[in-house]
Amino acid sequence: QVQLVESGGGSVQAGDSLRLSCAASGLTLSKYVMAWFRQPPGKEREFVAVIGRSGVDTSYRDSVKVRFTISRDNAKNTAALQMNSLKPEDTADYYCAAVSVGRSWSAYDYRGQGTRVTVSS
């Protein structure tokens, strides 16, 4: 059974940091591009970051550049999102997703159940 499980969410103050983790079972993450996306309360889901299969190529939404860092450890079959200098507008449910090469992040093959991040001012 394929599973992606996120962890690390929580309630923090503006300016704090959180590290989200994504652990995979039943699939080999090295075969996939890994993405993080989020869904703020009452809003559509939005792209946050993506990392290529080797971990070299990354891309971020403009509002999180410099503050967030996506990473992966193919040997451990995990991915992560380090979030620094959090802002109230980062409040959302965060999801990791495994995406086949060549597809948009939104056309993911698998995603986790999500982890909630709440940032208060």
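Here are legends for a handful of views of this chain, which is a predicted model.

**View 1. The whole chain is built from strands.** Start by zooming out. You'll find eleven strands and zero helices here. Walk along the sequence and the pattern reads β-β-β-β-β-β-β-β-β-β-β. The C-alpha atoms fit in a box of roughly 40 × 25 × 25 Å, taken along the principal axes. How does the radius of gyration sit with the value for a compact globule? A compact globule of 121 residues would come out near 14 Å, and this chain has 13 Å, which agrees.

**View 2. Inside, outside and who touches whom.** Of the 121 residues, 41% count as buried. The chain exposes about 6200 Å² of surface, and carbon and sulfur atoms supply 44% of that. Now think about contacts between residues at least 6 apart in sequence: 56% of them join residues at least 24 apart.

**View 3. An open sheet of four strands.** In which order do the four strands of this sheet line up? The order is S1-S3-S8-S7, and the pairing is antiparallel. At the edges sit strand S1 (3–7) and strand S7 (68–73), each pairing on one side only. From one strand to the next, the twist averages 15°.

**View 4. Strand S3 and its two partners.** Let's look at S3, which covers residues 18–25. S3 runs antiparallel to S8 (residues 78–83), and six bridges join the two. One spot to look for is Leu-18, which stands opposite Met-83 in S8. S3 also runs antiparallel to S1, this time with five bridges between them. Here you can pick out Ser-7, whose bridge partner in S3 is Ser-21.

**View 5. Side chains taking turns along S1.** In a regular strand, side chains alternate between the two faces of the sheet. Which residues of S1 point to the buried side? Leu-4 and Glu-6 share one face and are buried. Gln-3, Val-5 and Ser-7 point to the other face and are not buried. Ser-7 is worth a second look, as it is also the bridge partner of Ser-21 in S3.

**View 6. The one disulfide.** A disulfide is a covalent bond between the sulfur atoms of two cysteines. How many does this structure hold? It holds one, formed by Cys-22 and Cys-96, with their sulfur atoms 2.0 Å apart. The pair links distant parts of the chain: Cys-22 belongs to strand S3 and Cys-96 to strand S9, 74 residues apart. The torsion about the S-S bond is about 60°, so this disulfide is right-handed. Are the two cysteines buried or exposed? Cys-22 has a relative accessibility of 1%, so it counts as buried. Cys-96 comes in at 0%, so it counts as buried too.

**View 7. Asp-90, a buried loop residue.** Asp-90 lies in the loop between S8 and strand S9 (92–99). Is Asp-90 buried or exposed? Its relative accessible area is 1%, so Asp-90 is buried. What does Asp-90 touch, leaving out residues up to four places away in sequence? Its contacts are Arg-38, Val-64, Arg-67, Phe-68, Ser-85, Val-117 and Val-119. Try finding each of them around Asp-90 in the structure.

Notes. Residues numbered from 1 in each chain as written. Predicted model: local features only at pLDDT ≥ 70, side-chain atom pairs only at ≥ 80, totals over all residues. Heavy atoms only, no water. Pairing = 2+ DSSP bridges. Axes fitted to C-alpha atoms, helices over the stretch in contact; angles between N-to-C directions. Buried < 20%, exposed > 50% of the residue type's maximum accessible area, 1.4 Å probe, protein only. Rg over C-alpha atoms; globule rule 2.2 N^0.38 Å. Contact = heavy atoms within 4.5 Å. Areas by Shrake-Rupley, 256 points an atom, 1.4 Å probe, with all protein chains shown as cover. Disulfide = S-S within 2.5 Å.
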